[in-house]
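Reader: Got this one open on my screen. Walk me through it, and keep it short.

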Amino acid sequence: MEITYLLNSGFMVKEGKTLLIFDDFEDPSGSADRAVDAGDFDRLYIFASHAHFDHFGTHIRAYSKQANRYIFGNDIKRTKRVKVFPPDIITFMKKYTTWESDGIRVWAYDSTDIGVSFLVELDSGTRIFHAGDFNWWDWKEETDSNRRIAKNTFLRQLGRMEGFSADVSFFPVDDRLGESNELGVTEFVKSINTKTLIAMHRMNYPRWTPSNYFKENARELPIWSPLIPGERRIYEDGELKE
């Protein structure tokens, strides 16, 4: 499985003849454009977890002739931007719903912001989780009450994911949160059976260097913190390789 960083929370995943594109709001390296133009796939599914500008961009409309399906968080239905997409190949997903087609099954989980997060299972058995904006958003400037609400909301959603497993998980490690940037991802790897972790939502920040506390909880979990659009890794046998 080849994984390419697009920007922010945008990634492209190719396994065999299936191409997946997640939260591609911009593609400065042109990686997705080249992959779609090359046409080396039988199935193309394009995901957008929610309507925030840094997750959902209308340039992905250009892929509509090649796409099997656009799979969008349900909040996107209410935007003006979605009107440029052909409605017959869009599926809007509410939280805790599933959708499946030839060779793919998708579960939508809740977010702690807007929209949804996605768990995608391919016919090979590979499972990919893209968190969207699901995170423990512990903003220091918020009131103690709001910070408790953010914590409880996040932990409650983790509880709804009991028994969940993934081969690769894309999860926010947002440095705008300061010293709280690892709260969500640490609880996630403690609670969720994932074989590999890829940090996202880090646009304009350096590569993430995990703290010792995170490492203790991650139990030598393979980690990638991409920096430059177009960076690639190969996922094979539970490892990420350049």
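Author: Start with Asn-8. Asn-8 counts as buried because its relative accessibility is 2%, and buried means under 20%. Bear in mind that this is a predicted model.

Reader: Where is the place of Asn-8?

Author: Asn-8 sits in the loop between strand S1 (2-7) and strand S2 (10-15). Its phi is near 60 degrees, a positive value in a residue other than glycine.

Reader: Which other residue, not a glycine, has a positive phi, near 75 degrees?

Author: Asn-204, with phi near 75 degrees. That residue is in the loop between strand S12 (193-200) and helix H4 (212-218).

Reader: Asn-204, buried or exposed?

Author: Exposed. Asn-204 has 73% relative accessibility, and the cut-off for exposed is over 50%.

Reader: Switch to strands. How do S7 and S8 pair?

Author: In the antiparallel sense, over five bridges. S7 covers residues 97-101 and S8 covers residues 104-110. Ser-101 has Ile-104 in S8 as its bridge partner.

Reader: How many residues are between S7 and S8 in the hairpin?

Author: Two. Gly-103 is in the turn, with a positive phi of about 80 degrees.

Reader: What about Val-106, buried or exposed?

Author: Val-106 is in strand S8. It counts as buried because its relative accessibility is 0%.

Reader: What is Val-106 in contact with?

Author: Leaving aside neighbours within four places in sequence, the contacts of Val-106 include Phe-47, Ile-71, Met-93, Trp-99, Phe-118 and Val-120. Val-120 is 14 residues apart from Val-106 along the chain, and their C-alpha atoms are separated by 4.6 Å.

Reader: On to the largest nonpolar core. How many residues?

Author: 52. Ile-3, Leu-20, Phe-47 and Phe-129 have the most contacts inside that core.

Reader: Anything separate from that core?

Author: Yes, a second core of 23 residues, with Ile-21, Phe-56, Tyr-63 and Ala-67 among them. In soluble globular proteins, nonpolar side chains tend to be buried together.

Reader: Back to Phe-129. What is it in contact with?

Author: Setting aside neighbours within four places in sequence, Phe-129 is in contact with residues including Phe-118, Phe-134, Met-161, Phe-164, Phe-170, Phe-171 and Phe-188. Ser-117 and Ser-169 are also among its contacts.

Reader: Phe-188 is in H3, right? Which residues of H3 are buried?

Author: Right, helix H3 is residues 183-191. Gly-184, Val-185, Thr-186, Glu-187, Phe-188 and Val-189 are buried there.

Reader: What covers the buried residues of H3?

Author: The cover includes strand S10 (127-130), helix H2 (144-160), strand S11 (165-172), S12 and H4.

Reader: And the loop between S11 and H3? Which residue lies there?

Author: Ser-180 is one of the residues in that loop. Ser-180 is buried, as its relative accessible area is 2%. Not counting residues up to four places away in sequence, Ser-180 touches Asp-138 and Lys-140.

Reader: Last topic, pockets. How much space lies in the largest pocket?

Author: About 170 Å³.

Reader: Which residues line the largest pocket?

Author: Thr-112, Asn-135, Trp-137, Trp-139, Glu-142, Asn-146, Arg-147, Ile-149, Ala-150 and Thr-153. By class, the lining has four nonpolar, four polar and two charged residues.

Definitions and conventions:
Residues numbered from 1 in each chain as written. Predicted model: local features only at pLDDT ≥ 70, side-chain atom pairs only at ≥ 80, totals over all residues. Heavy atoms only, no water. 1 Å grid on protein atoms, 1.4 Å probe; cavity = no way out; pocket = protein on both sides within 12 Å on 5 of 7 lines; lining within 4 Å. Points joined across faces, edges and corners; volume = space filled by probe spheres on them. Nonpolar A, V, L, I, M, F, W, Y, C, P; charged D, E, K, R; others polar. Pairing = 2+ DSSP bridges. Helix = DSSP H or I, 4+ residues; strand = E, 2+ residues; numbered from the N terminus. Core = buried A, V, L, I, M, F, W, Y, C linked by side-chain atoms within 4.5 Å. Buried < 20%, exposed > 50% of the residue type's maximum accessible area, 1.4 Å probe, protein only. Contact = heavy atoms within 4.5 Å.
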